[in-house]
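Work through the exercises below with the sequence and the structure at hand. Each task is followed by a worked solution.

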Amino acid sequence: MAVPVEIPVEKWMGKVREVTLGAVPDEGGTRSHTVTVGGETMLPFLHFEGEIPNPPRIAIEIANRRPDDWSPLLMEAWGDVMDDPATWAKAAEEAGADLILLQLILTKDGNEPTTASDASAATRAVLEATGLPILVFGPGQVDADNELLVAVAEEAVGERVVLGICEEKNYRTIVAAALAHAHLVNSRTPMDVNLAKQLVILISDMGLPLERVLMDPTTAGLGYGIEYGYSVMERLRIAALQGDTMTQQPMLVTPGYEAWRQKEAKVGEGVPEAWGDWRERAVLWETMTATALVESGADILVMRHPEAVKRVKAFIEELMGK
Amino acid sequence: MALTGLQIYKLLPRTNCKECGYPTCLAFAMKLAAKQAELAACPYVSEEAKAQLAAAAAPPIRLVTVEGPGHKVEVGNETVLFRHEKTFYHKAGLFIRVRDTMPLDELKAAVQAAMGFGVDYVGMDLFLDGIAVEAASGVGQTFQSAVQAVREATDRPLILIADAPAVMEAGVKAAEDTRPLLYAATPDNWEAMAALAKEAQAPLAVRTPPLPGEDGGGSLGDLAEMTEQIKGKGVQDMVLDPGVRDPIGTLVTLTQLRRLALKKNFRPLGYPIITFPGEGATDQIDEDMLASQHIAKYGGFVVLDHFTPASIYALLVLRENIYTNPQEPIQVQPGIYEINEPKPDSPLMVTTNFSITYFSVANEVDGSGMPGWLLVADAEGMSVLTAWAAGKFDAERIAKSVKTTGIEGKISHHKLIIPGHVAVLMGELEEELPGWEIQVGPREAVDLTGFLKLWHP
């Protein structure tokens, strides 16, 4: 006779907001389909107590030109397509991307700053090369972000592009551009539950509907503080499910960037022998950073290496019960 | 889980005799619940109440220990579902599985390679916990020889895997004078296994097959029934294997087990859990992903089927990260650190006192072979970007550490290299530190070697 076991089931009041990226021709865009994220009514993949209507999605990060500081392994994986954002976008789509993230680099080759028209041209080229919804991120310096992203917003009017990085220092400009041209924003704050919530409030106060806001709580790579980001995400998701409406945005995180800037992934020489094979380690570093984050509540993972993308995608499918 | 004041009150005589020193039994119960009083202060409490209160004070997840002559692993005794609620206490034990069908010399070599693995991570030496030996041969003598060979190759704890009690008995004999985990009691063999575990004073793993298509509840009932029966035979230390192997099954079932223990104080399932990620995986990376889930979400012993340094390093690091106490950021002492015997004309770099940041930078400079002064500013244990965003690594703080550490007296130049991520601080810093030249270094530590090669005083 089995002992009766009553499984504790959490009755959550709240639900993660659904956010739809991209717009098809009927909606004023040119995407072949849209992608919706969010909508969860339970903690990640605990199917016995809620719904997860939309699986976590993977955005592959490409850039408007070949980046200078990416690992040789990434250069090798993508090859010549990195010289042209349109070709790169197509290759990323073939590698299994659900979304394309176009990263604008601060300078062109030769140290000239990337201009607004460069950013617009790259955005246009990517939009024409792929039917997937896109995200466009600025270089991460407030002035440059403002200049380039406003131009991107104009160029891609109606496409429901996610504009980033929208942070405390520049959210007014980015949100205004999103409002004017029917886009979304990625609200990024440095690893803190209250700061994450506060910026969503500020963005909402400007009149941008919350159905157009992603929340990027910032995370870190495996070995370099991933536990901080992991716990902030768990806390944000619990707050969302408890009904705190300003934490109910789907979460975007960047395990590709975080893993590949660490020595474990980036370089193969001058490292301890105990670190093992470089290729195995590098792909694993991104893969394990991403899986830890998807299990702590990520809705969009921005990734870099095609093999890691494949792995994490398959793992998500299993977690979704497919 | 501890009882509330009201629950304790119901176990007291409720006579308000005041002999305990408190005005009422309820007041005394509240003090007991807050652990500010001792039950012994009540002269009239019944033996039955004493036993109940003692049982309630026991941890909701039993602490289970396995031990070899050279290493001990304790798992269980966890108190929270999420690390931010307090912390996770006892790191999941990571074991490598070998089988007794391997030739003994190969077996020994494999064990030595895995147990000889060590890696430095932010000043800590990380290594695997032990070896799981499986009686794949099904022959007692073969198993016994294999366990002996493993013991000759390592002094770390063992997990003995055998289905037949007679085979297990042979393995236990070879593991004499250690405290192995016996895996596993099943519905078919539990009585004999329980007797073995009791005799050997070793913890016993308990496995039930999962029911297909169930949400876990049914099979957990079977598991609970078995632990109760085994406990009835005098075995206290148990480890659970609910039989699930796939990523969704382990996530759901291990979460349910942790919740049952912590939220329901459900004793029959209040034990640590053992997992075998390789059995739910198609290859190495698959196993690594699943193992990483088990480390983060509620595995007590994680038995791996591959020993591959790249994977082991990543898993050991993840385990360190997840089990870091969130209430205590890992910091290093602010101040001046000398790397490779710096001279007055060696470069001066500044970074924060978050230990991961410090070790990334210090290891890089050290590895470059070039001498340097590393100034570690007090940024309250945050990394460069986080500290900068939080105002804990600004021009004022950096200038203060330059002035207060006396670094000026040790160097012959006035050049300070700041992390590339905080290049924006350059102007302000030049105002705070008149006469100094502020140089912007690379954004990531990994690029420091190249930077230092080009540096000159």
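**Exercise 1.** Which residues of α6(A) are buried?

Solution. The model is a predicted one. Step 1: apply the burial cut-off, 20 or more other C-beta atoms within 10 Å of a residue's own. Step 2: list the residues of α6(A) that pass, namely A:V193, A:L195, A:A196, A:K197, A:L199, A:V200 and A:I203. Step 3: look for what covers these buried residues; the cover includes α5 (171–181), β7 (184–188), β8 (213–216) and α7 of chain A.

**Exercise 2.** Find the expected span of helix α6 (residues 193–205) of chain A and set it against the distance between its end C-alpha atoms.

Solution. Step 1: the expected span is 1.5 Å times one less than the number of residues. Step 2: for the 13 residues of α6(A) this gives 18 Å. Step 3: the end C-alpha atoms are 19 Å apart, which agrees with the expected span. Step 4: go past the end of the helix; α6(A) is followed by A:G207, which has a positive phi, near 100 degrees.

**Exercise 3.** Repeat the check for helix α9 (residues 247–263) of chain B, then decide how far this helix is enclosed.

Solution. Step 1: at 1.5 Å a residue, the 17 residues of α9(B) should span 24 Å. Step 2: a distance of 23 Å separates the end C-alpha atoms, in agreement with that value. Step 3: 12 of the 17 residues are buried, so the rest of the structure largely encloses α9(B). Step 4: name some of them; the buried residues include B:P247, B:L251, B:L254, B:R258 and B:A261. Step 5: α9(B) is followed by B:N265, with a positive phi near 50 degrees.

**Exercise 4.** Describe chain A as a whole, and decide whether its radius of gyration fits or departs from the globule rule.

Solution. Step 1: the secondary structure of chain A consists of 11 helices and 10 strands. Step 2: the globule rule gives 20 Å for 322 residues, and the radius of gyration of chain A is 19 Å, close to that value, so chain A is as compact as a globular protein of that length. Step 3: the C-alpha trace of chain A spans about 75 × 55 × 35 Å along its principal axes. Step 4: 57% of the 322 residues of chain A count as buried. Step 5: take the contacts in chain A between residues at least 6 apart in sequence; 68% of them join residues at least 24 apart.

**Exercise 5.** Give the corresponding description of chain B, with its division into domains.

Solution. Step 1: chain B has 16 helices and 17 strands. Step 2: its C-alpha trace spans about 80 × 70 × 40 Å along the principal axes. Step 3: of the 457 residues of chain B, 49% count as buried. Step 4: the chain is divided into domain 1 (5–57), domain 2 (64–322) and domain 3 (335–454). Step 5: the centres of domain 1 and domain 2 of chain B, taken over C-alpha atoms, are separated by 39 Å.

**Exercise 6.** How many residues of chain A are in contact with chain B, and which helix supplies the largest share?

Solution. Step 1: 46 residues of chain A are in contact with 58 residues of chain B. Step 2: on the side of chain A that touches chain B, at least two residues come from each of α7 (226–242), α9 (263–266), α10 (278–294) and α11 (306–319) of chain A. Step 3: the largest share, eight residues, comes from α10(A). Step 4: by class, the residues on this side are 25 nonpolar, nine polar and 12 charged.

**Exercise 7.** Is A:G223 buried or exposed, and which residues does A:G223 contact?

Solution. Step 1: A:G223 lies in the loop between β8 and α7 of chain A. Step 2: 26 other C-beta atoms lie within 10 Å of A:G223, so A:G223 is buried. Step 3: leaving aside neighbours within four places in sequence, A:G223 is in contact with A:Q262, A:E264, B:Y121, B:V317 and B:N321. Step 4: A:G223 and A:Q262 are 39 residues apart in sequence, with their C-alpha atoms 8.8 Å apart.

Conventions
Residues are numbered from 1 along each chain as its sequence is written. Chains are lettered from A and ligands numbered from 1 in the order in which they are written. This is a predicted model: local features need pLDDT of at least 70, side-chain atom pairs count only at pLDDT 80 or more; totals for chains, interfaces and linings use all residues. Helices (H or I, at least four residues) and strands (E, at least two) are DSSP runs, numbered from the N terminus. The radius of gyration is taken over C-alpha atoms; the globule rule is 2.2 Å times the number of residues to the power 0.38. Two residues are in contact if their C-beta atoms, placed from the backbone, lie within 7 Å. Ala, Val, Leu, Ile, Met, Phe, Trp, Tyr, Cys and Pro count as nonpolar, Asp, Glu, Lys and Arg as charged, and the others, Gly among them, as polar. Domain bounds come from an automatic or database domain assignment.
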